[in-house]
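Please examine the sequence and the three-dimensional structure shown below. The explanation that follows them considers selected residues and their surroundings.

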Amino acid sequence: MCLEVVYHEEKTELGRQQAPGMCPYCGGKVSAVDIETKWLFCFLPLCFKVKRKYSCSSCERHLVLYY
């Protein structure tokens with residue numbers, strides 16, 4: 001007998017907007033992207049998570065925000 005866990009992860013971009021500041025690598029503009037992540041188990045939603053990610057619009061590097 002074998003038990004398989006069947007799950008699927010879906011990522012959807014909710015919106016993109018200009019963020020304050022400049023890229024430390026190239027001096028380009030920073031953009032903020034809101035991404036919704038859904039985990040599905042046999043087509044039933046388990047978890048929803050919205051996360052904001054930052055990246056440079058010129059060099060396309062992912063930026064990390066430290067407080």
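The paragraphs below address a buried residue, a surface patch and a pocket in turn. The model is predicted, and every value given here is computed from it.

The account begins with S55, which belongs to strand 3, a strand that covers residues 44-56. The relative accessibility of S55 is 10%. Because a residue counts as buried under 20% relative accessible area, S55 is assigned to the buried class. Its surroundings include residues distant in the chain. When neighbours within four places in sequence are set aside, S55 has contacts with K29, V30 and S31, and also with R61, H62 and L63. For one of these partners, K29, the separation along the sequence is 26 residues, while the C-alpha atoms of S55 and K29 lie 8.7 Å apart in space.

Attention now turns to the surface. Y7 is located in strand 1, which spans residues 7-22. Y7 has a relative accessible area of 56% and is therefore exposed, since the exposed class comprises values over 50%. Together with F41 and L46, Y7 makes up a nonpolar surface patch. The combined accessible area of Y7, F41 and L46 is about 350 Å².

The final feature is the largest pocket, which holds about 200 Å³ of space. Its lining consists of A19, P20, G21, M22, P24, Y25, V30, Y54, L63, V64 and L65. Strand 1 makes the greatest contribution to this lining, supplying four residues. Two of the lining residues, V30 and L63, also appear among the contacts of S55.

How values were computed:
Residues numbered from 1 in each chain as written. Predicted model: local features only at pLDDT ≥ 70, side-chain atom pairs only at ≥ 80, totals over all residues. Heavy atoms only, no water. Helix = DSSP H or I, 4+ residues; strand = E, 2+ residues; numbered from the N terminus. Buried < 20%, exposed > 50% of the residue type's maximum accessible area, 1.4 Å probe, protein only. Contact = heavy atoms within 4.5 Å. Patch = residues over 30% accessible without salt bridge, like charges linked within 9 Å, V, L, I, M, F, W, Y side chains within 5 Å. Areas by Shrake-Rupley, 256 points an atom, 1.4 Å probe, with all protein chains shown as cover. Salt bridge = Lys/Arg side-chain N within 4 Å of Asp/Glu carboxyl O. 1 Å grid on protein atoms, 1.4 Å probe; cavity = no way out; pocket = protein on both sides within 12 Å on 5 of 7 lines; lining within 4 Å. Points joined across faces, edges and corners; volume = space filled by probe spheres on them.
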